[in-house]
Amino acid sequence: MSIAGSMAGFRVVDLSTDLCGPFCTMHLGDAGAEVIKVELPSGDPARRIGPMIADESAVFLSLNRNKKSVVIDYRRPEGRDLVARLACGADVLVEDFGPGRVADLGLGYDNLARDNPRLVGCSISAFGEAGPLKDLPGAELTIQAMAEYTASLGSIGEPPVRVGADIASLNTAIFALQAIFAALFHRERTGAGQRVAVSQFGSLLHMRGIMWHALSNPDDWYGFHLDSYTYPAEHGYQTKNGPMYFILRHGSSEDWDRFVIELGMEEYLNDPRFGNYGRRATGIGQHAADVRPIWEEAFKGRTREEIIDLVRSIGGDAVPILDYPALVSHPQVEALGAFTKIEHPTAGLFTTLAPVVRFSQTPTAIYSAPPTLGQHTGDVLQSMGLSISEIDALRVAAIIA
Amino acid sequence: MARILEGIRVFDLTVAAVGPWSTRLLGALGADVIRVERPGGDNLSSAVPPKINGTSVLHISANHNKRNIELDLKQESDRAIALKIIERCDVFVQNMRTGTVERLGMGYEDVARVNPAIIYVAASAYGRSGPMASYGAIDPEIQAMCGWCSIMGREGGRAEMFRHLAHIDLTTATYITQAVLQALLARERTGKGQKIEVEMLRAAMAIQTTKLAEYLATAAAPKPLGSGSSTHVPHQAFLCQDQRYVAVGVVREDQWPGLCRALKLPELISDPRFALNAARVAHRDELIRTVAQRFLTKPAAWWIIALTREKVPNAPFLGFEELHDHPQVRTNGFMVELETPHWGRLWSDGLPWKFDSTPAGPIRPGSMHGEHTAKIFAELGIERRGK
């Protein structure tokens, strides 16, 4: 398949493991880069995250399409030299060993850039490259806890609740992409590569930036950013058959009256908490939390589909709170073509998310299934100019696999 | 050395949160970002409290490193001015509902006609086709739709929303930012601009890639697990003797012996029920009972010391007051204090990346509605009658 993506012709050496780095480099692969995933003989630990499809980790499969797997034991000098040679012909190198550790392996950016000054190096850390926590390994919950994400979930006095998705890894990967593309853009203009760095903690703190502004010097303790610290768990609105969420946007007196009467809520028609055609009583409106029981009382005999239609009929927004089965089969998700299928040599046909962003001139594509461990070791080493007998000798010495 | 996007100009016809946040980081990289607002300002963000000195924090925080002009695109004369500005821009970003931008004469074809090399971003809530194509949405609606509430909440409890109603907005914004940078890179290589489409719903699904993979592999709908994880055990909060919680995550096999040593439970290290993560996931309840008991015997401060010594991922649950002066935050510039002309001293998020040879930033406080209209007109040699 010919490659039209923005990274066509670029080679990426990916030393990262688990979720963050691989999610980043998968996007580079989707954009047409040749991504060489260098793994230790034990393989990316993500290969062992359950559940499994046949013998392959579903999580690993979801993060590693469009890559080649090369097994090199870079902890040994001969293996390190091979990775250095790979980096010499690469445009991007991604690593997540932790601050300074890649240099300890003899693969630090400065070292590699002596032979390849056009290289863009991207380092991903848990807590940043300086400071007292720089060497502490991270985990999804510990990063979320430090960045006060759990302050927006659960209820005061109850055990912490985390964001369910792996945001400390996956959102950080998007910032890594920004940094890599920016550095490559700069290199196109100047010829100079450089090292860039992102961290999971810094990324999550960045994404909570509105909160820091809100907490700095507000005119009053008022508004949903601030309320979110003290409100109880937000479950949306219960109906007869499941939760939904709604807001009233525009509205006219006529629509509002009809809506209220239809719901049997006439007694609240002139209640100031429902003022501005109900806008104060829904969504981020100032009385939304107080009047929720009133809405839920009116909704309890109706399905959420009925409520959604009714809200939409007066120009409001209403959506069901979906679980995964409902999401995956939702007609809007189908219309978007959000999912795709990939045939894998051992796991068979599996379903995964298609690339998210659409580019009219540099389209993304799925070129290859996620690799099995060491699937491309021989091919890649040959492309570097190693002979079959040299490769065999490295295999016997367990430098490669 | 000059910043990376020095010389790049952005026409920012965005509203609410997704669009404005997407261009903000381009400004920090050196682009000249011109935020174009309708008369009276962006009514989707300017009214939202909390406010500082009367300005919505949503407006303040989303507009750093930008200049702000007012144009009434419903007027032919202002539309002509907009096109003159667009001729000198590299990037155009809009996140209006399907149809709205076309009615303003600012669709991709309109813009590409005056500037074929433009990188044009069309961001939407649900996309331009399908039964919900015409709908706009704010963050909590996409949270509801995208499935992620169903994996958040108390274990055994109901689905819950993330009350920081901006994470999906910013996720979409960051996807846009990387896409723009990618397209700028492509344009350097090919000379061609292009159209980029992004939807909030798909961005929200993308950050659930791993969780959706678990579901698609098993067909079992995942449930809320409190602070816990479906894939790694233990990876959750533990209550300590002083009634504080500590977050702990054993996410690598080599961290398990360290946890056992810190807890003084060395017999568990090679216990076949717990020795490997897969076994610990299978024996979750048994293991958590034992471990949770042990955490109750000492205060959180001790566990943080003991776990850090053993290099086991751990953290206290912090809040803003502890964060902004935390040495880890200060040293890395993850939060920064800004002096602003309109709003006094503010805490802002720092930059999410570090460039070793072309440092980005500094973060410059945003501007009020229409603040730079006259200046930008003068720079570009544009004359407007009236006003």
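This passage walks through a predicted model of two chains, A and B, from the overall build of chain A to the sheets of chain B.

Start with chain A as a whole. Its secondary structure comes to 17 helices and 14 strands, and its C-alpha atoms fill a box of roughly 85 × 45 × 45 Å along the principal axes. Chain A has 401 residues, and 55% of them count as buried. As for who touches whom, take the contacts in chain A with a separation of 6 or more: 70% of these come from residues 24 or more positions apart.

Helix 12 of chain A, residues 288–299, is a handy place to look at burial up close. Ala288(A), Trp295(A) and Phe299(A) are buried there. These residues cover an arc of only 35 degrees around the axis, so they sit on the same side of helix 12. Flip to the other side of the helix and Asp290(A) and Pro293(A) turn up, both exposed. What do the buried residues of helix 12 pack against? Their partners are strand 9 (237–239) and helix 13 (304–313), both of chain A.

Next comes the nonpolar core. The largest one has 244 residues, and the most contacts inside it belong to Ala179(A), Ile180(A), Phe92(B) and Val121(B). Helix 7 of chain A, residues 167–190, gives the most to this core, with 15 residues. Leaving aside residues up to four places away in sequence, Ala179(A) touches Cys122(A), Val196(A) and Val198(A), and also Trp353(B) and Phe355(B) from the other chain.

That leads to the contact between the chains, which takes 123 residues from chain A and 135 residues from chain B. Helix 7 shows up again here: on the side of chain A that touches chain B, this helix gives the most, with 16 residues. Sorted by class, that side of chain A has 76 nonpolar, 34 polar and 13 charged residues.

The two chains also share a sheet. It is an open sheet of 7 strands in the order 14(A)-8(B)-7(B)-6(B)-1(B)-2(B)-5(B), and the pairing is mixed. Strand 14 of chain A and strand 5 (66–70) of chain B are the edge strands, each pairing on one side only. How many bridges join strand 14 of chain A to strand 8 of chain B? There are 2, between residues 358–359 of chain A and residues 194–199 of chain B, and the strands run antiparallel. Phe359(A) stands opposite Ile196(B) in strand 8 of chain B. Elsewhere in the sheet, 4 bridges join strand 1 (residues 9–13) to strand 2 (residues 32–37) of chain B, and this pair runs parallel. Here Asp12(B) has Arg35(B) in strand 2 as its bridge partner. Helix 1 of chain B, residues 18–28, lies across strands 1, 2, 5, 6 and 7 of chain B, at about 155 degrees to strand 6.

Chain B has another open sheet, made of 3 strands in the order 9-10-11 with antiparallel pairing. Strand 9 (235–239) and strand 11 (314–316) stand at the edges with a single partner strand each, so one side of each has no neighbour in the sheet. From one strand to the next, the twist averages 25 degrees. Strand 9 and strand 10 (residues 245–249) of chain B are joined by 5 bridges, and Ala237(B) stands opposite Ala247(B) in strand 10. Helix 13 of chain B, residues 300–309, packs on this sheet, touching strand 10 and strand 11, and its direction makes about 155 degrees with that of strand 11.

Terms used: Residues numbered from 1 in each chain as written. Chains lettered and ligands numbered in written order. Predicted model: local features only at pLDDT ≥ 70, side-chain atom pairs only at ≥ 80, totals over all residues. Buried ≥ 20, exposed ≤ 12 C-beta atoms within 10 Å, placed from the backbone. Arc of directions from axis to C-beta. Contact = placed C-beta atoms within 7 Å. Core = buried A, V, L, I, M, F, W, Y, C linked by C-beta atoms within 7 Å. Nonpolar A, V, L, I, M, F, W, Y, C, P; charged D, E, K, R; others polar. Pairing = 2+ DSSP bridges. Axes fitted to C-alpha atoms, helices over the stretch in contact; angles between N-to-C directions.
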